[in-house]
Amino acid sequence: MPPLQIVQSRLFFPLCCGLKPSASFQRKICLTMARPSSSMADFRKCFAKAKHIAIISGAGISAESGVPTFRGAGGYWRKWQAQDLATPQAFAHNPSRVWEFYHYRREVMLSKEPNPGHLAVAECEARLRPQGRRVVVITQNIDELHRKAGTQNLLEIHGTLFKTRCTSCGVVTENYNSPICPALSGKGAPDPETRDAGIPVEKLPRCEEAGCGGLLRPHVVWFGENLDPAILEEVDRELALCDLCLVVGTSSVVYPAALFAPQVAARGVPVAEFNTETTPATNTFRFHFQGPCGTTLPEALAPHETETVP
């Protein structure tokens, strides 16, 4: 198989969100290593030298805050998994059901708080900034817990639960209303026996722009949709510059995000995976730390003895 292709310091990612990469992209990731190290002391040496740290986070870090992941056994809302509902086709077929699903997720998130993993990342970013060192978080999560923890350099590649986009005029708006519209009040229960509310489309969230009134949808990237090219351009730039990469709580099965860290590793940059289990990408990384992110990250990102604060 041919090696990873890099032209003019750019990494290459497909735009489309999905569970599998194209065959051509699978062929570009061919780097494998011996069993990754679990030496925290060796990782800390890399951390002490790093000037530009990229942290790629996924559902696992938020699961420790009690956020449902909709992955694996038991990962259902009613009788559906996320990939059954988080698609343009599902929304076109049954916008009421999809809005119930997202209303449930919004209401859950309003009661959740960042855990020690989120806080360790935010504290590290704030601490290293005066030292002239950069930390950027590239998250697949749509729950805003990194933002709530205080992270500033944040790229939310899949969007956020708390923004809407009008399907008519395209306006994107922040929305923290609870409920997001009166018709969804008390709806969205996840139990398998719960029947769809069947809310008429005219009573679902609507655009408030003058003269519009179009149907709103969550401003998130659904399976089969393209990521925002502008955000992907920023991701590309950050990963091309990073000299240390952490992969935190991600299953490495949702693309294109699953390609980010292996392509960084392919150019020789140390990559450390923090997860409760191994993933399909584990053997492409230099380090793997198994356990809850809320336990492993505070130790990994704590002040190093060599740090000097101006």
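What follows is a chat about a predicted model of one protein chain.

Reader: Hi! To get my bearings, how many helices and strands are there in the protein chain?
Author: Hello! The chain has 11 helices and nine strands. Keep in mind as we go that this is a predicted model.

Reader: Noted. And what share of the 310 residues is buried?
Author: Buried residues come to 52% of the 310. As for contacts with a separation of 6 or more, 74% of them are between residues 24 or more positions apart.

Reader: Let's look at the sheet with β4 in it. In what order do the three strands run?
Author: The order is β5-β4-β6, in an open sheet with antiparallel pairing. At the edges are β5, residues 172-174, and β6, residues 216-220, each of which pairs on one side only. On average, neighbouring strands here are turned by 45° against each other, ignoring direction.

Reader: How many bridges are there between β4 and β6?
Author: Four, with β4 covering residues 159-166. If you want a spot to click on, T164 stands opposite P218 in β6.

Reader: Nice. Which helix packs on that sheet?
Author: That's α6, residues 95-109, which touches both β4 and β6. The direction of α6 makes about 140° with that of β4.

Reader: Switching to pockets. What's the volume of the second largest one?
Author: The second largest pocket has about 320 Å³. Its lining has 20 residues, and E156, G159, H219, D228 and I231 lie nearest the centre.

Reader: Which strand gives the most to that lining?
Author: β4 does, with four residues. So you meet a strand of the open sheet again here. β3 (154-156), β4 and β6 each supply at least two lining residues.

Reader: And how does the lining of that pocket split by class?
Author: There are eight nonpolar, four polar and eight charged residues.

Reader: What about enclosed space: how many cavities of 30 Å³ or more turn up in the whole structure?
Author: One. The largest cavity has a volume of about 30 Å³, and its lining consists of Q140, V247, T250, S252, A257, A258, A261 and P262.

Reader: Which helix gives the most to the lining of the largest cavity?
Author: Helix α10, residues 257-266, with four residues. By class, the lining has five nonpolar and three polar residues, and no charged ones.

Reader: S252 was on that list. What is its phi near?
Author: Phi of S252 is near 60°, a positive value in a residue that isn't glycine. S252 sits in the loop between β7 and α10.

Reader: Is S252 buried or exposed?
Author: Buried: its relative accessibility is 7%, and the cut-off for buried is under 20%.

Reader: Which other residue has a positive phi although it is not a glycine?
Author: E144, with phi of about 65°. You'll find E144 in the loop between β2 (134-139) and α8 (145-149). Its relative accessible area is 10%, so E144 is buried too.

Reader: Last topic, cis peptides. Which residue does a cis bond join to P256?
Author: Y255, with omega of about 10°. P256 is in the loop between β7 (244-248) and α10, and S252 also lies between β7 and α10.

Reader: And what about P179, where does it lie?
Author: P179 lies in the loop between β5 and β6, the edge strands of the open sheet. A cis peptide bond joins S178 and P179, with omega of about 0°.

Reader: Great, thanks for the tour!
Author: You're welcome!

Key:
Residues are numbered from 1 along each chain as its sequence is written. This is a predicted model: local features need pLDDT of at least 70, side-chain atom pairs count only at pLDDT 80 or more; totals for chains, interfaces and linings use all residues. Side-chain values use heavy atoms; hydrogens and water are left out. Two strands pair if DSSP finds at least two bridges between them. Axes are lines fitted to C-alpha atoms, for helices over the stretch in contact, and angles run from 0 to 180 degrees between N-to-C directions. Contact means heavy atoms within 4.5 Å. On a 1 Å grid over the protein atoms alone, a cavity is a set of points where a 1.4 Å probe fits but cannot get out, and a pocket is an open set with protein on both sides within 12 Å along at least five of seven lines; lining residues have an atom within 4 Å of a point. Grid points are joined across faces, edges and corners, and a volume is the space filled by probe spheres set on the points. Ala, Val, Leu, Ile, Met, Phe, Trp, Tyr, Cys and Pro count as nonpolar, Asp, Glu, Lys and Arg as charged, and the others, Gly among them, as polar. Buried means under 20% relative accessible area, exposed over 50%, partly exposed in between (1.4 Å probe, protein chains only).
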